[in-house]
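Reader: Please take me slowly through one part of this model, starting from a loop residue and its surroundings, and then go on to whatever can be set beside it. Which residues are buried, which are exposed, and what do they touch?

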Amino acid sequence: MHAISWEVSGSQGFETAWVQLGEGVLRARGRAVGIVPEPYWISYALETGDGFVTRRLTVTAERGDGARELDLRHDGQGRWTANGEPLPAVDGALDCDLGLCPLTNTMPVLRHGLHREPGEREFLMAWVSVPDLAVRPSRQTYTHLRPGRVRFSSSDFRSDLEFDEEGFVIDYPQLATRLTAR
């Protein structure tokens, strides 16, 4: 089990995730706190199936006006539900992308080895905004630049991410930087 913490500049906060990485699968639970776009904290659990394909993401977001919960599920056949309601706008996506969370960049990078080998892949993601937990479709492209360096782009946003050998984000300019124990 890995414990990974990031300073999340995008939210002016912090995140810690406890991650189990197995042969083609990832399980994680994490907590984050931030003040942008408003003060919040979240708790989440992420589970993938074979090939690092998202199976389930549960999130609880606490804000000044109370708590919200999301149970996002992928049926393994390309269909998604949020709290039991169908989400046809993200059908066909393999991954979720929890906003302001560097961990969820790991799945597509590991699936295609983009942190190690040349390639470029375009994905449809089930993107979850924080802290309101709305789920929207997001087209994203990941491009291998060199070992450990992958360009992420979505719409007009672009950032060159640094990954460790296992596929976890070390540095995500404009979003997060991994903290190391002193």
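Author: In this predicted model, N83 is partly exposed, with a relative accessible area of 46%, a value that falls between the limits of 20% and 50% and therefore counts neither as buried nor as exposed. N83 sits in the loop between β7 (80-82) and β8 (85-86), and although N83 is not a glycine, its phi is positive, at about 50 degrees. As a general matter, most residues other than glycine have a negative phi.

From N83 the path leads to D71, since N83 is one of the residues that D71 touches, and the others on that list, which leaves out residues up to four places away in sequence, are R56, L57, T58, T81 and A82. D71 belongs to strand β6 (residues 66-74), and D71 counts as buried because its relative accessibility is 18%, which is under the limit of 20%. Two polar contacts between side chains start from this aspartate: one joins the side chain of D71 to that of R56 at 2.9 Å, and another joins the side chain of D71 to that of R73 at 3.1 Å.

A second residue with a positive phi can be set beside N83. Q12 is not a glycine either, and has a positive phi of about 55 degrees, but Q12 is exposed, with a relative accessible area of 54%, whereas N83 is partly exposed. The place of Q12 is the loop between β1 and β2, where Q12 forms part of the turn of a hairpin that has four residues between its two strands. The strands of this hairpin, β1 (residues 2-8) and β2, run antiparallel and pair over seven bridges, with E7 standing opposite F14 of β2. β1 also pairs with strand β15 (residues 176-178), again in the antiparallel sense, over three bridges, and in β15 the bridge partner of E7 is T177. E7 thus has a partner in β2, namely F14, and a partner in β15, namely T177.

F14 leads on to the interior, as F14 is among the residues that line the largest cavity, together with V8, S11, E15, A32, V33, Y40, I42, G99, L100 and C101. The elements that give two or more residues to this lining are β2 (13-21), β3 (26-34) and β4 (40-48). The space in this cavity comes to about 40 Å³, and its lining divides into eight nonpolar residues, two polar ones and one charged one.

I42, named in that lining, is also touched by L98, whose contacts, leaving out residues up to four places away in sequence, further include Y44, L57, V59, T104, V128 and V130. L57 therefore links two of the places described, although only as a contact: L57 is touched by D71 and also by L98. L98 lies in strand β9 (residues 95-98) and is buried, with a relative accessible area of 1%. The C-alpha atoms of L98 and V128 lie 4.8 Å from each other, while 30 residues separate the two along the chain. V130, another contact of L98, is joined to P131 by a cis peptide bond with omega of about 10 degrees, and P131 is found in the loop between β10 (120-128) and β11. A cis peptide bond also joins V36 and P37, likewise with omega of about 10 degrees, and P37 lies in the loop between β3 and β4.

L100, which helps to line the cavity, appears once more at the largest pocket, whose volume is about 350 Å³. Of the 17 residues lining that pocket, the closest to its centre are L100, W127, F157, Y172 and L175. Y172 is in turn touched by N105, along with Y142, F152, L161, F163 and V169, when residues up to four places away in sequence are left out. N105 is placed in the loop between β9 and α1 (106-112) and counts as buried at 2% relative accessibility, and the side chain of N105 makes a polar contact of 2.8 Å with the side chain of Y142.

Conventions: Residues numbered from 1 in each chain as written. Predicted model: local features only at pLDDT ≥ 70, side-chain atom pairs only at ≥ 80, totals over all residues. Heavy atoms only, no water. 1 Å grid on protein atoms, 1.4 Å probe; cavity = no way out; pocket = protein on both sides within 12 Å on 5 of 7 lines; lining within 4 Å. Points joined across faces, edges and corners; volume = space filled by probe spheres on them. Nonpolar A, V, L, I, M, F, W, Y, C, P; charged D, E, K, R; others polar. Buried < 20%, exposed > 50% of the residue type's maximum accessible area, 1.4 Å probe, protein only. Contact = heavy atoms within 4.5 Å. Polar contact = N/O pair within 3.5 Å; in protein donor to acceptor, adjacent residues only side chain to side chain. Pairing = 2+ DSSP bridges.
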